[in-house]
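Trainee: Before I trust any of the labels on this one, I'd like to go through them and ask what each rests on. Can we do that with the structure open?

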Amino acid sequence: MAKTMAEKILSDRSGVDAKAGDLVIAPVDLVFATDSSGPLTIRQLRETGFQGVADPRRTVFFLDHAAPSPRLELSNDHVIVREFVRQSGVPLREVGEGICHQLVAEDYANPGELIVGADSHSVTAGGLGAFATGMGATDVAMVMALGKTWFRVPESIQVVCRGTFGKGVYTKDAILYLIGHIGADGATYQALEFTGETVAAMTVAQRLTLANLSVEAGAKAGICPSDGVTRGFLEARGRGAKYRPLAADAGARYSRVVDIDVSRLEPMVARPHTVDNVAPVRELKGTRVQQVFIGSCTNARLEDLEIAAAILKGKKRHPDTRLIVVPASKETFMQAMKKGYLEIFMEAGGLIAPPGCGACFGGHLGILGDGEVCLSSQNRNFKGRMGNPESFVYLSSPATAAASAIAGEITDPREVL
Amino acid sequence: MIKGRAIKYGDNISTDLIIAGRYFHLRSNFPELKKHALEDADPTFVTRVRSGDFVVGGQNFGLGSSREHAPLVLKLNGVGGILAKSVARIFYRNAINLGLPVLICDTDRINEGDELEVDLAGGTVTDLTNGARLTFGKIPDVMLRILNEGGLIPYVKKYRDIALPS
């Protein structure tokens, strides 16, 4: 039977010839939690009487949501996680090392693997051809305890991207367009499978952005094929031996096929308070912004920072607009430093905060005031998302964010490129 | 058969609305955390919710974060179940794992304050106030077994394993 990428991975890992709609039990190749989900995960694990994890080599904890901790309660949550990893022999990625999804891509995820994380944006690793999905603390605790869990094999929506991006238009614009098109529940219980010549030409960083935002359409996973680009990434990171190709079979069955000609797209913005409330940037022109945030697991990789730096070089932020930049990981931070991007951001009047999730989910390092507007390269704009239910969050590409920081209002990056 | 009163909301009740990120520091302090349930959607929720009440939503209930604290704070406030037209995947799995039933049905026919009667095995919801009788989508067997044990923790305590219904 011809298979989708989701059917292939779940069949391979479960050892059952599975098709969409089937339930399977499968061993999980990597399971992780953060300081956000970790304390409850540990509590649930202990509640069942399991003292350790099934396989410490396939388990990781990340301290990235409160990095570094702004409050004693969160410091005590960190203590819970540190004590648990010490007892169970599980690796810990400390405060400052980076956002879990970036580190999963940098150091752990491989094509064809089944990955479960206690964070909704765990779908990000699908950019490397993994079946990666988010679950809650109890599910993840039981994956840690048992080394496996149950999955319903999802139907897949095939997203075929054709054409070349025009100047000032990026992967983020394409995925926002898709979410606006199919809706915030357009892929619920399903997988999004990205394919076509545009995806084949994308870097791994761009594919991670595509996969990352899949969950904002409700998807269980967002999967890109594994190909020569994937192989090059893995080889550069010392994981060349983990490479395996992945593509859907011709004749695989999809619940829906969506064609996107990216050459016809323009810069897009998601307006408050849902990610599918999408409009072209030009329609939002003149919207004043008090804060621009370039960060998160969506768009804070080196090439995102490079794009933003090229726009901000020799420019100044608008005097009424704060600019906050948070590289996705320590490695990204150091590379951006060496390449001079951080200097460009700081000379433009921006500030650099340590790698982490704080501003994006409203924890710390960028909470908005009443009535304030933020344009962000992140993934969610729900009411209250950046820490204040009386504020407004718009989402865009790093280029649109950078151009808007200079103008002080939402601005089409093509005006400054 | 479970009975309770409907507390009704609209579409897109996100996990941020159910428990906001700004209360992140209270995540290991359940008695304090639960005081902020649904605060950004309805600041009166915690003062008026009674044990056994159903939270009734529209489309895409529970979208967003994987934070299990979202269904947890509803449960800690005594909520007996969630009814919605559609439910985001992670929230659905999380609620069942906590032993909190989630029923997908046409909630347009339920009004705020209505008395509801849910027959989990029979797959029906009866609105005792207006007489409407709704059927809800079948809960997958694997989840029904978890729900019947009171959640995934009691399930795994009992079976020490996870298996599919044969």
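Mentor: Sure, and keep in mind that it's a predicted model. Start with H5(B), where B:Arg89, B:Ile90, B:Phe91, B:Tyr92, B:Arg93, B:Asn94, B:Ala95, B:Ile96 and B:Asn97 are buried.

Trainee: What makes helix H5 of chain B "mostly covered"?

Mentor: The count does: nine of its nine residues, 89–97, are buried. The label needs 20 or more other C-beta atoms within 10 Å of a residue's own. Just past H5(B), by the way, B:Gly99 has a positive phi of about 80 degrees.

Trainee: And why is A:Val160 called partly exposed?

Mentor: A:Val160 has 16 other C-beta atoms within 10 Å. Buried starts at 20 and exposed means 12 or fewer, so a value in between gets the middle label. You'll find A:Val160 in strand E8 of chain A, residues 156–162.

Trainee: Which residues does A:Val160 touch, leaving out those up to four places away in sequence?

Mentor: A:Thr195, A:Gly196, A:Val257 and A:Asp259. A contact needs C-beta atoms within 7 Å. For contrast, the C-alpha atoms of A:Val160 and A:Gln44 are 41 Å apart, with their positions 116 residues apart along the chain.

Trainee: How do you know that both faces of strand E3 of chain A are covered?

Mentor: In a regular strand the side chains alternate between the two faces of the sheet. Here A:Thr59 and A:Phe61 sit on one side, A:Val60 and A:Phe62 on the other, and all are buried.

Trainee: What makes strand E2 of chain A a partner of E3(A)?

Mentor: Pairing asks for at least two bridges, and E2(A), residues 30–34, has four to E3(A), so the pair qualifies. The two run parallel. One of the links has A:Phe32 bridging to A:Val60.

Trainee: A:Phe32 is also listed for the largest nonpolar core; which residues touch the most other members there?

Mentor: A:Phe32, A:Ala109, A:Val140, A:Ala308, A:Leu312 and A:Phe345, out of 192 residues in that core. Helix H5 of chain A, residues 137–146, gives the most to this core, seven residues. At least three residues come from each of the two domains of chain A. As for A:Ala308, its contacts beyond four places in sequence are A:Ile294, A:Pro398, A:Ala399, A:Ala401 and A:Ala402.

Trainee: Where do the domains of chain A lie in the sequence?

Mentor: The assignment gives domain 1 as 5–261 and domain 2 as 268–415. Their centres are 24 Å apart, and 33 residues of domain 1 are in contact with 31 of domain 2. On the domain 1 side, helices H4, H6 and H8 of chain A each supply at least two residues, with H6(A) giving the most, six. By class, that side has 13 nonpolar, 13 polar and seven charged residues.

Trainee: How many residues does each chain put into the contact between A and B?

Mentor: 47 from chain A and 41 from chain B. H5(A) supplies the largest share of the chain A side, five residues. That side divides into 16 nonpolar, 18 polar and 13 charged.

Trainee: Why would you say that the size of chain A agrees with a compact globule?

Mentor: For 417 residues such a globule would have a radius of gyration near 22 Å, and chain A has 20 Å, so the two agree. The C-alpha trace of chain A spans about 55 × 55 × 40 Å along its principal axes, and 64% of its residues count as buried. Chain A holds 13 helices and 18 strands.

Trainee: What about chain B: how many helices and strands does it have, and why is it called compact?

Mentor: Seven helices and seven strands, in the order β-α-α-α-β-α-β-α-β-β-β-β-α-α from the N terminus. Its radius of gyration is 15 Å, close to the 15 Å from the globule rule for 166 residues, so chain B is as compact as a globular protein of that length. Its trace spans about 45 × 40 × 25 Å, and 50% of the residues of chain B count as buried. Of the contacts in chain B with a separation of 6 or more, 63% join residues 24 or more positions apart.

Definitions and conventions
Residues are numbered from 1 along each chain as its sequence is written. Chains are lettered from A and ligands numbered from 1 in the order in which they are written. This is a predicted model: local features need pLDDT of at least 70, side-chain atom pairs count only at pLDDT 80 or more; totals for chains, interfaces and linings use all residues. A nonpolar core is a set of buried Ala, Val, Leu, Ile, Met, Phe, Trp, Tyr and Cys residues joined through C-beta atoms within 7 Å. Domain bounds come from an automatic or database domain assignment. Two residues are in contact if their C-beta atoms, placed from the backbone, lie within 7 Å. Ala, Val, Leu, Ile, Met, Phe, Trp, Tyr, Cys and Pro count as nonpolar, Asp, Glu, Lys and Arg as charged, and the others, Gly among them, as polar. The radius of gyration is taken over C-alpha atoms; the globule rule is 2.2 Å times the number of residues to the power 0.38.
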